[in-house]
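Opened the notebook to go through one model and jot down what sits around its ligands and on its surface.

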Amino acid sequence: MEEQYSPLAQPILYRILDANLDRTREGLRIIEEWCRFGLNSGELAEECKHLRQEVARWHTMNLRSYRNTIDDPGTELTHPQEEQRSGIEQLLQANFCRVQEALRVLEEYGKLYHPEMGKTFKQMRYQVYTLETRLLAHDRHKVLLNSYLYLVTSPGERLLSIVEAALQGGLTLVQYRDKTSDDETRLKTAQKLCQLCHRYNALFLVNDRVDIAVAVDADGVHLGQDDIPIELARQILGPQRLIGRSTHSPEDLKRAIQEGADYIGVGPVYETPTKAGRAAAGLEYVRHAVKNSMIPWFAIGGIDMNNLDDVMATGCDRIAVVRSIMNAEQPTLVTQYFLSQLNRFRSLKSYKVLPK
Ligand SMILES: Cc1ncc(COP(=O)(O)OP(=O)(O)O)c(N)n1
Ligand SMILES: Cc1ncsc1CCOP(=O)(O)O
Ligand SMILES: [Mg+2]
């Protein structure tokens, strides 16, 4: 790379560029490792690698020779949060933030170094924003795809400890559903549940309330037939959050898929006091979903350890429950039981012992 600018600002300029090129490369490498080993996504990993190579092209020996680590006060500065990250999402977000900040510095100071540098790093900053959106969406979809049991919560004093017990049993998908509390309580509870779920790398969604989902940075929302349109929720939530839709009939199912739901609820399979007044859609509708839904779907409504086999016999391999876990004496054990049965069922299906 030809260096032609700013004799004035050298070597300060060069040290700034060197430090931020370094920061960008390191941050991208951390993100790349997650794409490769965590997400198994060759495509996303390649994109990170390509960006790193472009950064490396600007990181010349000459710029690097201006490094002065011993006198650099920045090497001592560590934010307390760097020492303590609660999960992979936080780690990725911190590194995206670091890369984007460094790219912004490279964009501004780069203009003093080479006319192309400012343009290149501006473009790269936008590429990294898009990468972040795709990666987060990919991450969430991946966890969703691997989730076969969905806990929909009910309010109560033991809410957090029950959810934590279920997470310890291997639960990876939680919905906060609270039809009775005031908004202040809802907001505080949603915040706590969201943090808890993320500590276990589980997804956290909010029932009905898009505003609360955004406020607590949840992974998505669950919307019923009478809630706002999926298109509007998508505008508010952006492309990377998940949107689930309840369906009670083949028409609902078709529409929800067309409208871009990420998953659907199918039910109520059985009448349930948790959703009093809503008639059962029955196992017939579950059979319809088995044949017609190409997106993940969860049978819901009155499912427990006694009727799980009947539900799975339709070909259904994902269920959502409220009482079976929320009212259980041992939520960890019940979660483990459901997960093991659903796992067993999936392996039988894949060996064609059961109809697909
Ligand atoms: C996974 C899942 N499926 C269905 C529902 C029911 O949603 P909705 O019809 O909006 O009813 P309420 O839960 O809001 O009473 C759900 N919550 N989750
Ligand atoms: C929210 C909801 N939507 C359809 S059925 C249902 C409640 C399911 O609760 P339970 O698992 O206790 O029957
Ligand atoms: Mg609803």
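These entries cover the two ligand sites, a strand end and a surface patch.

**Entry 1, before starting.** I am working with a predicted model, so I keep that in mind for every distance below.

**Entry 2, ligand 1.** I looked up the surroundings of ligand 1 and found 13 residues, with Gln-175, Arg-177, Lys-179, Ser-246 and Lys-275 as the closest. Sorted by class, I get two nonpolar, six polar and five charged residues in the shell of ligand 1. Then I went after polar side-chain atoms. Lys-179 places one 2.6 Å from an oxygen atom of ligand 1. For Lys-275, I read 2.7 Å between a side-chain N or O atom and an oxygen atom of ligand 1. Asp-208 also has a polar side-chain atom 3.1 Å from an oxygen atom of this ligand. How much of ligand 1 does the protein bury? Ligand 1 exposes 420 Å² when taken alone, and the protein buries 91% of that.

**Entry 3, next to Asp-208.** I followed Asp-208 to Asn-207, as their side chains share a polar contact of 3.3 Å. Asn-207 belongs to strand β3, which covers residues 203–207. Is Asn-207 buried or exposed? I note it as buried, because its relative accessibility is 10% and the cut-off for buried is under 20%.

**Entry 4, ligand 2.** Around ligand 2 I listed Arg-177, Pro-268, Thr-272, Thr-274, Lys-275, Ile-300, Gly-301, Gly-302, Val-321, Val-322 and Arg-323. Arg-177 and Lys-275 are familiar names, since I had them among the closest residues to ligand 1 and they turn up around ligand 2 as well. By class, the shell of ligand 2 holds four nonpolar, four polar and three charged residues. Which distances go with the two threonines? Thr-272 has a polar side-chain atom 2.6 Å from an oxygen atom of ligand 2, and for Thr-274 I also read 2.6 Å, from a side-chain N or O atom to a ligand 2 oxygen. Arg-323 brings a polar side-chain atom to 2.7 Å from an oxygen atom of ligand 2. Taken alone, ligand 2 exposes 370 Å², of which the protein buries 92%.

**Entry 5, on the surface.** Last, I checked for nonpolar patches and wrote down one of about 290 Å², made by Val-214, Ile-228, Leu-232 and Ile-236. I placed Val-214 in helix α9, residues 210–216. Why can Val-214 count towards a patch? Val-214 is partly exposed at 36% relative accessible area, and patch residues need over 30%.

Terms used: Residues numbered from 1 in each chain as written. Chains lettered and ligands numbered in written order. Predicted model: local features only at pLDDT ≥ 70, side-chain atom pairs only at ≥ 80, totals over all residues. Heavy atoms only, no water. Patch = residues over 30% accessible without salt bridge, like charges linked within 9 Å, V, L, I, M, F, W, Y side chains within 5 Å. Areas by Shrake-Rupley, 256 points an atom, 1.4 Å probe, with all protein chains shown as cover. Salt bridge = Lys/Arg side-chain N within 4 Å of Asp/Glu carboxyl O. Helix = DSSP H or I, 4+ residues; strand = E, 2+ residues; numbered from the N terminus. Buried < 20%, exposed > 50% of the residue type's maximum accessible area, 1.4 Å probe, protein only. Near = heavy atom within 4 Å. Polar contact = N/O pair within 3.5 Å; in protein donor to acceptor, adjacent residues only side chain to side chain. Nonpolar A, V, L, I, M, F, W, Y, C, P; charged D, E, K, R; others polar.
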